[in-house]
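Welcome, and thanks for taking a look at this structure with us. Please keep the sequence and the 3D view side by side as you read.

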Amino acid sequence: MSLQMVTVSNNIALIQPGFSLMNFDGQVFFFGQKGWPKRSCPTGVFHLDVKHNHVKLKPTIFSKDSCYLPPLRYPATCTFKGSLESEKHQYIIHGGKTPNNEVSDKIYVMSIVCKNNKKVTFRCTEKDLVGDVPEARYGHSINVVYSRGKSMGVLFGGRSYMPSTHRTTEKWNSVADCLPRVFLVDFEFGCATSYILPELQDGLSFHVSIARNDTIYILGGHSLANNIRPANLYRIRVDLPLGSPAVNCTVLPGGISVSSAILTQTNNDEFVIVGGYQLENQKRMICNIISLEDNKIEIREMETPDWTPDIKHSKIWFGSNMGNGTVFLGIPGDNKQVVSEGFYFYMLKCAEDDTNEEQTTFTNSQTSTEDPGDSTPFEDSEEFCFSAEANSFDGDDEFDTYNEDDEEDESETGYWITCCPTCDVDINTWVPFYSTELNKPAMIYCSHGDGHWVHAQCMDLAERTLIHLSAGSNKYYCNEHVEIARALHTPQRVLPLKKPPMKSLHKKGSGKILTPAKKSFLRRLFD
């Protein structure tokens with residue numbers, strides 16, 4: 001195992017606990033940035049370009065028929081092979097947290113539709129589910145099993161907000177373990193079915209899961225209700241006959257107590273577990289090898305890398321799987337320095353790059369750590385995820401125009417601004433006000449001065465008015481500036497009144513013209 005420090009040359013502020021990495025044919029893509037995507041990268045998906053221990057985030061684009069994909073943190077992701085050639089390699093994304101602190105219940109399918117030396121074009125589609133639809137959650141796992149020529153998604157674990165009937169103002173963002181149910185999801189028809197297995201008694205989150213053929217192994221995890229990390233090891237088998245699926249669970253010995261660990265695959269039959277936590281304030285510095293042979297699982301300790309003093313002394317760490325036995329790690333920067341980065345990053349290589357891309361074993365990208373504010377003071381700000389070793393693009397990307405300063409200063413460009421003295425939009429309690437709002441409050445541009453953004457809800461705009469003003473190029477002035485704007489209007493030009501021509505009075509024998517005024521004056525003079 002080799003550990004190497006890497007430098008992120010741009011957009012480092014985007015990489016925060018909760019992100020995910022996706023590997024498409026050896027190229028790694030970053031997903032789950034901090035904050036909403038900005039104009040310079042509306043997709044929020046970046047190519048993770050690694051050259052000589054330097055990492056550069058290059059913006060990617062989506063096809064025109066793609067749906068909107070919000071930046072989700074702590075989602076469950078996994079790879080999936082479709083039946084069509086164009087669907088040979090896809091990523092399934094479910095759940096996660098939005099920058100508004102909302103928990104998503106949507107499921108997305110990501111695939112590449114175009115790739116050349118300079119750019120990659122993705123297609124993202126939203127999959128509608130019917131039946132026993134899993135509730136919104138994060139910190140869970142999703143995997144794909146294959147049985148009798150069929151495939152099925154398996155979703156388990158995670159956390160979600162408490163029901164609205166149990167939420168109070170003081171504990172509005174309190175979360176709880178999801179019920180320990182197993183969901184089977186048919187990606188072709190969009191059907192979901194839940195199963196209650198007696199072996200699964202407690203809800204778990206931030207566990208490790210491995211899928212191989214028709215079997216899924218669940219290791220470790222954290223139970224929020226009991227605040228424990230039991231040494232779990234479950235084997236879930238899914239049989240897909242012509243009729244109803246059969247799901248059974250077996251409790252196996254030899255489990256490990258760990259949460260928020262990172263899983264990376266080194267070859268067809270071996271995986272490596274890196275990082276995680278064994279106690280709420282203690283990182284797990286031990287690494288384990290997991291071997292899968294003849295439908296048996298074996299877990300054993302392996303030689304740990306030479307951790308740096310910074311990694312040893314840090315209270316939290318997070319990261320994701322880059323694939324091919326490589327892990328991307330992050331730790332907080334040293335605040336004692338005059339100029340300190342937010343995070344420092346490392347690449348840990350656990351094996352040579354000899355992974356067979358056609359293998360039928362897939363690791364679950366849900367390797368996140370507990371979410372900030374939900375659990376312990378240390379695990380809360382961690383998170384892990386990984387996919388594959390990156391191959392560099394040649395040359396500069398024409399879309400590489402992302403402005404990191406634009407992302408950091410959300411007071412000017414973000415949605416959570418104080419738009420007016422009476423603004424009452426709160427990031428922690430905001431709920432959709434208009435039917436057109438999806439993941440963020442509707443805003444409208446005030447044209448006064450240099451212009452500024454205001455919340456449509458704060459301006460008491462009717463939805464019909466909001467749609468009308470958003471569809472056209474009409475100028476709009478907020479409540480604070482509407483009177484000023486009226487005063488700036490140029491008065492309309494008033495045409496002069498037409499006066500009737502005055503009749504001339506001529507005196508006989510005189511060339512002078514007497515006007516009515518002069519005639520009146522002369523009468524008064526001689527009378």
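What follows is a short tour of an annotated site and of a strand hairpin.

This is a predicted model.

**The annotated site**

The unreviewed UniProt entry carries a "binding site" annotation on Cys446, His452, Cys478 and His481. These residues are spread over 36 residues of sequence, yet they cluster in space, with a largest C-alpha distance of 10.9 Å.

The two histidines compare as follows.

| Residue | Location | Relative accessible area |
|---|---|---|
| His452 | strand β34 (residues 452-455) | 23%, partly exposed |
| His481 | loop between α4 (463-471) and α5 (482-487) | 14%, buried |

Why does His481 count as buried? Its relative accessible area is 14%, and buried means under 20%, so His481 qualifies. His452, at 23%, counts as partly exposed.

The side chains of His481 and His452 make a polar contact at 3.2 Å. Setting aside residues up to four places away in sequence, His452 also touches Cys446 and Cys478, as well as Cys419, Ile444 and Tyr445. With neighbours within four places likewise left out, His481 is in contact with Cys446, His448 and His452.

**The β2–β3 hairpin**

Strand β2 (residues 20-24) is largely enclosed by the rest of the structure, because five of its five residues are buried. In a regular strand, side chains alternate between the two faces of the sheet. In β2, Ser20, Met22 and Phe24 lie on one side and Leu21 and Asn23 on the other, and all are buried, so both faces are covered.

Strand β3 (residues 27-31) runs antiparallel to β2 and is joined to it by five bridges. One of the bridge partnerships pairs Asn23 with Val28 of β3. Two residues separate the strands in this hairpin, where Asp25 takes a positive phi near 55°.

Definitions and conventions. Residues numbered from 1 in each chain as written. Predicted model: local features only at pLDDT ≥ 70, side-chain atom pairs only at ≥ 80, totals over all residues. Heavy atoms only, no water. UniProt positions renumbered as here; feature names shortened; annotations may be inferred. Helix = DSSP H or I, 4+ residues; strand = E, 2+ residues; numbered from the N terminus. Buried < 20%, exposed > 50% of the residue type's maximum accessible area, 1.4 Å probe, protein only. Contact = heavy atoms within 4.5 Å. Polar contact = N/O pair within 3.5 Å; in protein donor to acceptor, adjacent residues only side chain to side chain. Pairing = 2+ DSSP bridges.
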